[in-house]
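Student: I would like to work through this structure one residue at a time. Can we keep it short?

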Amino acid sequence: MSLPETEEIVEDLSFFDDWEDKYKYIIDLGKSLPSFDDAWRTPERLVKGCQSSVWIQPGSEQDATRGEVLIFAVDSDAIIVRGLLGLVLSALNHKTPEEILAFDISAFFESLDLERHLSPTRGNGLRSIVNRIKGIAQAAA
């Protein structure tokens with residue numbers, strides 16, 4: 001199952017009145033992430049600055065029209081963080097390095113009213129995840 005586009009996520013979440021339902025939706029996004037190879041659970045793939053353990057395995061593939069796009073395998077030991085990873089991947093996965101660097105992830109999170117509903121440590125972890133992915137994109141650009 002592929003992740004919905006960011007616009008679809010914003011639209012879907014707008015249907016829910018309370019954050020309990022929104023969290024359930026986000027958790028379901030995390031459940032739709034592909035499985036993560038246990039061999040990738042290494043210190044160099046671990047994202048520093050996250051309260052939970054989060055691993056990112058970058059890769060790339062060629063897109064016929066856009067050239068090289070970056071793809072990310074991700075995992076976390078926390079179900080809500082897996083859902084947050086789903087949000088991040090909906091915005092940044094299968095994009096060129098330039099598209100990743102140009103994407104305004106803060107505006108996306110604001111449109112979801114997300115960071116206001118996360119603990120400060122979860123918010124810091126989310127920023128660490130985005131910074132790691134943008135760093136990978138910067139190196140690839």
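Tutor: The model is predicted, and the questions below go through single residues and one surface patch.

Student: Which residues form a negative surface patch with Glu-7?

Tutor: Start with the place of Glu-7, which is in helix α1, residues 6-14. A patch residue needs over 30% relative accessible area. Glu-7 has 56%, so it counts as exposed. The patch is formed by Glu-7 together with Glu-5, Glu-8 and Glu-11.

Student: How far from Lys-134 is the nearest side chain of opposite charge?

Tutor: Lys-134 lies in helix α6, residues 120-140. Lys-134 is buried yet has no salt bridge. A salt bridge needs the side-chain nitrogen within 4 Å of a carboxyl oxygen. The nearest side chain of opposite charge is Asp-104, and its distance is 6.8 Å.

Student: Which residues is Lys-134 in contact with, leaving aside neighbours within four places in sequence?

Tutor: Look beyond the neighbours of Lys-134 in helix α6. Contact means heavy atoms within 4.5 Å. On that basis, the partners of Lys-134 are Ile-100, Leu-101 and Phe-103.

Student: Is Ser-2 buried or exposed?

Tutor: Ser-2 lies in the segment before α1. Its C-alpha is 10.0 Å from that of Gly-86, with the two positions 84 residues apart in sequence numbering. Exposed means over 50% relative accessible area. Ser-2 has 62%, so the class is exposed.

Student: What is the phi of His-94?

Tutor: His-94 is found in the loop between α3 (79-92) and α4 (97-102). His-94 is partly exposed, with a relative accessible area of 37%. Its phi is positive, although the residue is not glycine. The value is near 60 degrees.

Student: What is the phi of Asp-113?

Tutor: Asp-113 is also in a loop, between α5 (105-112) and α6. At 29% relative accessibility, Asp-113 counts as partly exposed. Asp-113 is not a glycine, yet its phi is positive, at about 55 degrees.

Student: What separates the C-alpha atoms of Ile-71 and Ser-60?

Tutor: Ile-71 is found in strand β2, residues 67-76. Ser-60 is 11 residues away along the chain. Ile-71 touches Ser-60. Their C-alpha atoms are separated by 5.2 Å.

Student: Which residues in the loop between α3 and α4 does Ile-71 touch?

Tutor: Ile-71 is partly exposed, with a relative accessible area of 23%. Its contacts beyond four places in sequence include Gln-57, Pro-58, Gly-59 and Glu-61. The loop runs between α3 (79-92) and α4 (97-102). From that loop, Ile-71 touches Asn-93 and His-94.

Key. Residues are numbered from 1 along each chain as its sequence is written. This is a predicted model: local features need pLDDT of at least 70, side-chain atom pairs count only at pLDDT 80 or more; totals for chains, interfaces and linings use all residues. Side-chain values use heavy atoms; hydrogens and water are left out. Patches are made of residues with over 30% relative accessible area and no salt bridge: like charges are joined within 9 Å, nonpolar side chains (Val, Leu, Ile, Met, Phe, Trp, Tyr) within 5 Å. Accessible areas come from the Shrake-Rupley method with a 1.4 Å probe; for residues, only the protein chains shown count as cover. Lys and Arg count as positive and Asp and Glu as negative; His and the chain ends are not counted. The place of a charge is taken as NZ of Lys, CZ of Arg, CG of Asp or CD of Glu. Helices (H or I, at least four residues) and strands (E, at least two) are DSSP runs, numbered from the N terminus. Buried means under 20% relative accessible area, exposed over 50%, partly exposed in between (1.4 Å probe, protein chains only).
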